[in-house]
Amino acid sequence: MRIDLHTHSARSDGTDTPAQLMAAAIAAGLDVIALTDHDTTAGWSEVAAHRPSGLIVVPGVELSCASPVAGAHAIGVHLLGYLFDREHPAFRAERVRLRASRFGRAEEMVRRMRAAGLPIEWEQVQEIAAGAPVGRPHMALALVRSGLARTVDEAFSEHLNHGNPYYVRKADVDVRDGVRLIRAAGGVPVLAHPLARRRGRVVGDDVIAGLATAGLFGLEVDHPDHLDEDRRHLRVLAHELGLFCTGSSDYHGRNKPTPIGMCATDPGVLDAIVGLATGTPPYAD
Ligand code: AMP
Ligand code: ZN
Ligand code: FE
Ligand code: FE
């Protein structure tokens, strides 16, 4: 069994439709993938409609969260939620709020870039997002397509990264509330890439311990952005806190170089996730 529990489709900021994503999974020899688009479950019905037989798909989400820090900006954190009930009213309302905030935030980032003489077009950004919750990768592609950056990576490092004057924060959920909401909706919460340091500040062990108390299921230990020493540290920490360890690629299609299936999760861990969830069963034959 080869299991990849973190992928993005074009329903957020990946480039594959859910059908193409599932075809890519089969071509890579995977048996199970989770669909974890940012702040949306819009791809779930397409998975149900187009899933090739033999591939199991775990419906999920990657929720935009933050961990508060006294006297400083909160630390951005991503929380994976699996197999929850998408109709749960409070959780659904949070996703609606997060998506709405992304729209105003992207508009403001485009406005700032234009005011500084970088002629990115808001219409083009919206065309690229094609109705998905708009994110920085969509802005990066617009910059590349209009010749204002050579690559998506350069668009991020020159214009879109945290610390850049065009960067605007988006709304997020306190990560402890995120854990509780996912559990309340019958889902299983896993902290995504906890030590992806190149994205900015990361949370300390104390925060992760607090999340374990709040109902966190596991840590995404094997992730392309994690150093070997950080993976070792997270494995020890997970053991101490009684958390499970997952591995995933965080595949984004052509928006990132990472191939699907680059990191994987043990079958026993998937069994534990399915055993704990009460919201939505996996899509399977
Ligand atoms: P946002 O959700 O709008 O803040 O954008 C964050 C998304 O941008 C995440 O999915 C990241 O994986 C992606 N991202 C961050 N840095 C880069 C980069 N250098 N190249 C491609 N994607 C990136
Ligand atoms: Zn993304
Ligand atoms: Fe993430
Ligand atoms: Fe992701």
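**Two metal ions and the elements around them**

In this predicted model, 5.9 Å separate the iron ion (ligand 3) from the zinc ion (ligand 2).

User: What makes Glu 62, His 78 and His 193 donors of the iron ion (ligand 3)?

Analyst: A donor has to be an N, O or S atom within 2.8 Å of the metal, and the OE of Glu 62, the ND1 of His 78 and the NE2 of His 193 lie 2.0 to 2.2 Å from the iron ion (ligand 3), so these atoms satisfy the cut-off. Along the chain, the donors of this ion follow the spacing E-x15-H-x114-H. His 78 belongs to strand E4 (residues 72–82) and His 193 to the loop between strand E6 (188–191) and helix H8 (205–214), so that the pair links distant parts of the chain, 115 residues apart.

User: Why are His 78 and His 193 called buried?

Analyst: The term requires a relative accessible area under 20%. His 78 has 19%, which means that it counts as buried, and His 193, at 7% relative accessibility, counts as buried because it also falls under that limit.

User: What is the phi of His 193, and where in the chain is His 193 found?

Analyst: Phi of His 193 is near 25 degrees, which is a positive value in a residue other than glycine, and His 193 is found in the loop between E6 and H8.

User: How do you know which residues coordinate the zinc ion (ligand 2)?

Analyst: The cut-off for a donor atom is again 2.8 Å, and the zinc ion (ligand 2) is coordinated at 2.0 to 2.5 Å by Asp 13 (OD), which is listed twice, together with His 38 (NE2) and His 252 (NE2), so these contacts meet the definition. The donor residues of the zinc ion (ligand 2) are spaced D-x24-H-x213-H in sequence. Because Asp 13 lies in the loop between E1 and H1 while His 38 lies in the loop between E2 and H2, the pair ties together parts that are 25 residues apart in sequence.

User: Are Asp 13 and His 38 buried or exposed?

Analyst: Set against the limit of 20%, Asp 13 counts as buried at 7% relative accessibility, and His 38 counts as buried at 8%.

User: What makes the contacts of Asp 13, Arg 105 and His 252 with ligand 1 polar contacts?

Analyst: A polar contact is a pair of N or O atoms within 3.5 Å. An oxygen atom of ligand 1 is 3.2 Å from an N or O atom in the side chain of Asp 13, and for His 252 the corresponding value is 3.1 Å. A polar side-chain atom of Arg 105 lies 2.8 Å from an oxygen atom of ligand 1, so the three pairs meet the definition. Of the 15 residues around ligand 1, those that come nearest are His 38, Arg 105, Arg 136, Asp 153 and Lys 256.

User: What is the phi of Asp 39, and why is Asp 39 called buried?

Analyst: Asp 39 has a positive phi of about 60 degrees although it is not a glycine, and its place is in the loop between E2 and H2. Its relative accessible area is 0%, so Asp 39 falls under the limit of 20% and is buried.

User: How do you know that the buried residues of H1 line one face of the helix?

Analyst: In helix H1 (residues 18–27), the buried residues are Pro 18, Leu 21, Met 22 and Ala 25. Seen down the axis of H1, these residues fall within an arc of 95 degrees, so they line one face of the helix. What covers them includes strand E1 (3–7), strand E2 (32–35), helix H2 (44–50) and strand E3 (56–69).

User: What makes E3 and E4 paired strands, and in which direction do they run?

Analyst: Pairing needs at least two bridges, and nine bridges join E3 to E4, which run antiparallel, so the two strands count as paired. In E4, the bridge partner of Ser 64 is His 78. E3 and E4 form a hairpin with two residues between them, and Gly 71 in the turn has a positive phi of about 75 degrees.

User: Which strands run parallel to E3?

Analyst: E2 is joined to E3 by four bridges and runs parallel to it, with Ile 33 standing opposite Val 57 in E3. Two bridges join E3 to strand E5 (residues 173–174), also in parallel, and here Ala 66 stands opposite Asp 174 in E5. E3 is mostly covered, with 11 of its 14 residues buried.

How values were computed
Residues are numbered from 1 along each chain as its sequence is written. Chains are lettered from A and ligands numbered from 1 in the order in which they are written. This is a predicted model: local features need pLDDT of at least 70, side-chain atom pairs count only at pLDDT 80 or more; totals for chains, interfaces and linings use all residues. Side-chain values use heavy atoms; hydrogens and water are left out. Buried means under 20% relative accessible area, exposed over 50%, partly exposed in between (1.4 Å probe, protein chains only). The arc is that of the directions from the helix axis to the C-beta atoms. Contact means heavy atoms within 4.5 Å. Donors are N, O and S atoms within 2.8 Å of the metal (3.2 Å for Na, K and Ca); water is not among the atoms, so sites may look incomplete. A residue is near a molecule or strand if one of its heavy atoms lies within 4 Å of it. A polar contact is a pair of N or O atoms within 3.5 Å; within protein, one must be able to donate a hydrogen and the other to accept it, and residues adjacent in sequence count only if both atoms are side-chain atoms.
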